[in-house]
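Q: I should like to learn how to read the features of a structural model, one at a time. Could we work through an example together?

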Amino acid sequence: TIKVTIDNRQIEVPKGTTIYHAAKQLGIEIPVLCYMELEDMNIENKPGGCRICVVEVEGRHNLAPSCSTQCSDGMVVKTHTTRVLNARRTVLEFILSDHPKDCLTCAKSGHCELQDMAIKLGVRKIHNEEISEMSTYKIDYSPSIIRDLDKCIMCRRCETMCNDVQTVGTLSAINRGFESVVSPAFEMDLEKSTCTYCGQCVAVCPTGALTEVDHTTNVLRALADPNKTVVVQTAPAVRAALGEEFGLNAGTLVTGKMVSALRRLGFDKVFDTDFAADLTIMEEGTELLDRLTKHLNGDKEVKLPILTSCCPGWVNFFEMQFPDMIDIPSTARSPQQMFGAIAKTYYADKLNVKRDDLIVVSIMPCLAKKYEAQRDEFKVEDNPDVDFSLSTRELAHLIKEANMDLENMPDEDFDNPLGESTGAGVIFGATGGVIEAATRTAYELHTGKKLDKVDFEQLRGMDGIREAKVDFDGLELNIGIAHGLGNARKMLEDIRDGRSHFHAIEIMACPGGCIGGGGQPLHHGDSSILKKRIDAIYREDSGKKIRKSHENPMIKELYENFLGAPMSEKAHKLLHTHYSD
Ligand code: HC0
Ligand code: SF4
């Protein structure tokens, strides 16, 4: 270890520790802008570019960026001298001089780290603004994400997420000096690139450079139209994070309050994507058992492992990066899309409403869901099964705009029939949850026995790649789990190279699963927030009366009265899909 003195206090740290981290251990928070740490993944973004984190080191002429300067033995550091404070303000003024000043109307207003920094450092005037040049770029619109590079401050966090965590490689810094930006190759539009719309870049962007496509106005318009019946479905992960937008602690469940807020916003019916998650398990679980049985009977045509297919970012990833393997994932549509297909057939018929007059809105923790909703396979004569997909953040905006106070809303229940769900549907929102839900159902269907204990703890956790064996009454199933596309890539490469021993694998594009989706309240890479959301999801599950998808009475009724059986012809038409390379 080495000894350093920071602001007159001594600390011993291991060699290689940065000044920033040593100070942190002393409880001294040095302000940072571009720096980002993903502790669980052992990934750091430290381009040392913004220079907001500079400190004074005794004996050195220049100020040192604390995020990327290592401590040396006997080093004496001062973190907030007048010189340091002036330098930070000057640096920030430089950044602001090349930044639009439309804070009042910016989509990130109130959540912008640049704005927060200007407040923190007391910037009241931008010196020499009149003589400084502004770089301008055309705004890049895609089905899920908007890139407004005028607002990019070159922190490179998006690049770290896209390249190091997701290994998608869409975003990288191009050009030099004043012209430099983070962009897809050849300044191509996101829609033409390899982007999966996972939204992890948006989740860490400190400014308004990367934001979601906002559909709140479309939804308000539909709600105001007397000729439309507007129903909403809420994804499992939303209830575990929405509260954060209203100042509640991470991990607070707001299921009932969210339902009453949606009802007061004017939705005719408030339904649950968890219902469709139960339906997904019926289809995917049956498909798993079918493939498994055929495989064990020596059918060479049938491949294993089966991969889950409910995450649209992941679907985009394998379609683009592993086109030779598109026959391995399950053909089951995602719960969002199963919900839409059932709502616009079975439910519309029940209500005697024309397809065009039923508007289906989804509230999702995800930005890729916006893209998924507008894929051609999920339209009937140009009318989409899901009309608009809003993120958790967009729902928070709608609730705030209506001047509702979420914390003090009454707890209300979902409507029926498409609001009835089990604990198995809820856990879809956390990494490992989909495969645990499938295991609960597949076990009972395959063995004909009742599970004494529905909790499969061995499938839970935050490790990027996990594996567990589950005993199906003598038949041992190898189950794999990956979250984050970088981990998914490893799983796929193993399968391609014949090294995979799994029967079934769950893959989710975002670290943590949907609770860490690109549409959730911003968590700035803090994994303790993700863990609290995951705990909340399992709490909701354990409090549910029914915890296995095949026991959901409304699902049983749907099969009896409408679909027939899992994987029936009708189920295939409405609930399954195909992939394209
Ligand atoms: Fe998910 Fe879903 S669990 S992808 O993670 O499967 O977005 O929350 O809604 O569709 O149910 C997201 C979350 C969903 C879907 C479900 C699945
Ligand atoms: Fe990369 Fe995901 Fe952002 Fe697309 S959405 S640029 S894949 S991080």
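Q: Just after α4, which residue takes a positive phi?

A: This is a predicted model, which should be kept in mind throughout. The residue is T167, whose phi is about 50° and which comes just after α4.

Q: How many residues of α4 are buried, and what follows from that count?

A: The general idea concerns helix periodicity. An α-helix has 3.6 residues a turn, so residues three or four places apart point the same way. In this structure, seven of the nine residues of α4 are buried, so the helix is largely enclosed by the rest of the structure. The buried set consists of R157, C158, E159, T160, M161, C162 and V165. A residue counts as buried here when 20 or more other C-beta atoms lie within 10 Å of its own.

Q: Which elements each supply at least two residues of the shell around ligand 2?

A: They are α4 (157-165) and α5 (200-204). The shell comprises 14 residues, and C162, V168, C195, C198 and C201 are the closest. C162 is thus among the closest residues to ligand 2 and is also one of the buried residues of α4.

Q: How does the shell around ligand 2 divide by class?

A: Nine of its residues are nonpolar and five are polar, with no charged residues.

Q: What surrounds ligand 1?

A: Its shell has 21 residues, of which A235, A237, C310, C366 and C514 are the closest. Two or more residues come from each of α8 (273-296) and α10 (335-351). The largest contribution is that of α8, with three residues. By class, the shell around ligand 1 holds 13 nonpolar residues, seven polar and one charged.

Q: How should one read the strands, and in which sense does β1 run relative to β2?

A: As a general idea, in a regular strand the side chains alternate between the two faces of the sheet. Here β1 (residues 2-6) and β2 (residues 9-13) run antiparallel and are joined by five bridges. Within this pair, V4 stands opposite I11. The hairpin has two residues between the strands, and D7 takes a positive phi near 50°.

Q: With which strand does β1 pair in the parallel sense?

A: That partner is β7 (residues 75-78), paired with β1 over three bridges. V4 has M75 as its bridge partner in β7, while in β2 the residue opposite V4 is I11.

Methods. Residues are numbered from 1 along each chain as its sequence is written. Chains are lettered from A and ligands numbered from 1 in the order in which they are written. This is a predicted model: local features need pLDDT of at least 70, side-chain atom pairs count only at pLDDT 80 or more; totals for chains, interfaces and linings use all residues. Two strands pair if DSSP finds at least two bridges between them. Helices (H or I, at least four residues) and strands (E, at least two) are DSSP runs, numbered from the N terminus. A residue is near a molecule or strand if its C-beta atom, placed from the backbone, lies within 6 Å of it. Ala, Val, Leu, Ile, Met, Phe, Trp, Tyr, Cys and Pro count as nonpolar, Asp, Glu, Lys and Arg as charged, and the others, Gly among them, as polar. A residue is buried if 20 or more other C-beta atoms lie within 10 Å of its own, exposed if 12 or fewer, and partly exposed in between; C-beta atoms are placed from the backbone.
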